[in-house]
Amino acid sequence: MTTTMTTTDPGLAMLAGPDTTTETGPRLGIPPTQRTPLRRPADDATDAEADTTSSPSSPASSPSLPPCGSSPHDARAHGFLPERPPVRSMIGTWTRLDAMARAAALAPGREAAIAIVERAHRAEELSALRQRVSRLSPRNAEAAAMRVAVIAVSCGWNGLDPQAPAARQIADEAFLDLWAAVAHRIDHDQFVALPTLALRNWAPERKPRKHIPIDQLARTEPLVPIVRWAPEGQPLSRLDRLMLAATRLEAHGIWLFRLAETLAGRAPDDSSTPTALRRLVRVQHALRAQLRSEAAELAAAPTTPQQRAVLAALAEQGALEPPVLQAADAVLGVGGRRPGDGRRQHLRRHLPAPHRAWLSAMDRHCAPVRTLAHRGGPDAATYREAQESLIALRRTYTSLVHAAAHPASATSVPAAA
């Protein structure tokens, strides 16, 4: 039996308002991407593009194709979701990484997961993969990163720097070499975290019959995890459901990104500022309702001690914060209420460089709106309501994480405000 997750779009476009997708504020110094239609999700075998050798005449080396991680980021187009659906199955030599990731996710404990990696080392599979990392297309490099992340957290190595000498005394050296090579290929050193494990680990259950934008695809189509934390034929585990819930949260949160750019550069006394803030409140309430709609199924799903250990390790590293919540925080400054100035950067280190740059730009350009926190009057009250709705949204997400990490079958999620 294949278990899927699907939800209907709760009308966030209506909540956000028709003018939130227009160019109303500064573009934050980040050039917009060309709005070319997303390619239709292709068959796995033809679209994997893995294990191909680059040559001066090949598309992979064409100057018109930017290297991985260097393309400008337009958060209004798809938020922090991948531009296209993640690669479901890799081909060629990379099928071994597929198999290792799936086996590691199902391992009963860290020792068993480590044994899987060590067997691959002895069979020289890891070194063979390491030699082929530079040949991966950008999309397949991200697919490989997701699988490496699954293996790393399964083995309890997610807190390691793969290039640090001390890591060589703890983790398998050949796996660390592969990890470091993949990190270099995607230009992202600390990718073993929720954004990679969730946003790169889903696929539509069926191939859409027509072109659908990535955020709509992730909102409306039944989704299945690419690497499952539960055996095939059995119900999805709590960890599977948490990762898919995080993906749905990002997909529904696309309107939050558009409202964020609407507010960027706005003066606090601009007549459009309170309107955008009220819409932001409604979007955050809708996101909270989306999480709550998935809480009962998550709490009833099976779990294992190994999965709870994975969640605990990610939480300890600050690697479970959804990117959409970080985007809302960059606008509203709720993170500033918490002790420690470095908390935001600590959470953001797990995001790709273009995403971190977008958040930093939001920090700067939404600073005028945040001065409402120190004012009186109805506009300031609207701003504080937006902050409180973000706090409630984050608490609901935290409760979902606690439900996934708890051995009991029922964990309460706070009621909607």
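1. The second largest pocket is lined by 16 residues, and those lying nearest its centre are A315, L320, E321, Y397 and T398. The space within this pocket comes to about 290 Å³. The model under discussion is a predicted one, and the points below should be read accordingly.

2. Which helices each supply at least two residues of the lining of this pocket? They are α15 (305-316), α17 (343-348) and α20 (378-405). Helix α20 gives the most to the lining, with six residues.

3. By residue class, the lining of the second largest pocket divides into nine nonpolar residues, three polar residues and four charged residues. Concerning the method behind such descriptions, empty space left among atoms is revealed by rolling over them a probe the size of a water molecule.

4. The chain as a whole deserves a brief description. Its secondary structure consists of 20 helices and two strands. Of the 417 residues in the chain, 54% are buried. The area that the chain exposes is about 17300 Å², of which carbon and sulfur atoms supply 53%.

5. Contacts in the chain may be considered by their separation in sequence. Among those with a separation of 6 or more, 81% are accounted for by residues 24 or more positions apart.

6. How many residues does the largest nonpolar core have? This core has 107 residues, and W179 and F191 are those with the most contacts inside it. Its largest share, twelve residues, comes from helix α7, which spans residues 138-155. A second core, separate from this one, has eleven residues, including L81, L199, I212 and A251.

7. The surroundings of W179 merit a closer look. Leaving aside residues up to four places away in sequence, W179 touches V148, A152, W157, N158, L160, P162, F191 and V192. One of these partners, F191, is also the residue named with W179 for having the most contacts inside the largest nonpolar core.

8. A further residue to inspect is I214, which is found in helix α10 (residues 214-220). Is I214 buried or exposed? I214 is counted as buried because its relative accessible area is 2%, whereas the cut-off for a buried residue is under 20%.

9. I214 also illustrates how positions separated along the chain can be brought together in space. I214 and E83 are 131 residues apart in sequence, while the distance between them in space is 6.6 Å, C-alpha to C-alpha.

Conventions. Residues numbered from 1 in each chain as written. Predicted model: local features only at pLDDT ≥ 70, side-chain atom pairs only at ≥ 80, totals over all residues. Heavy atoms only, no water. Core = buried A, V, L, I, M, F, W, Y, C linked by side-chain atoms within 4.5 Å. Buried < 20%, exposed > 50% of the residue type's maximum accessible area, 1.4 Å probe, protein only. Helix = DSSP H or I, 4+ residues; strand = E, 2+ residues; numbered from the N terminus. Contact = heavy atoms within 4.5 Å. 1 Å grid on protein atoms, 1.4 Å probe; cavity = no way out; pocket = protein on both sides within 12 Å on 5 of 7 lines; lining within 4 Å. Points joined across faces, edges and corners; volume = space filled by probe spheres on them. Nonpolar A, V, L, I, M, F, W, Y, C, P; charged D, E, K, R; others polar. Areas by Shrake-Rupley, 256 points an atom, 1.4 Å probe, with all protein chains shown as cover.
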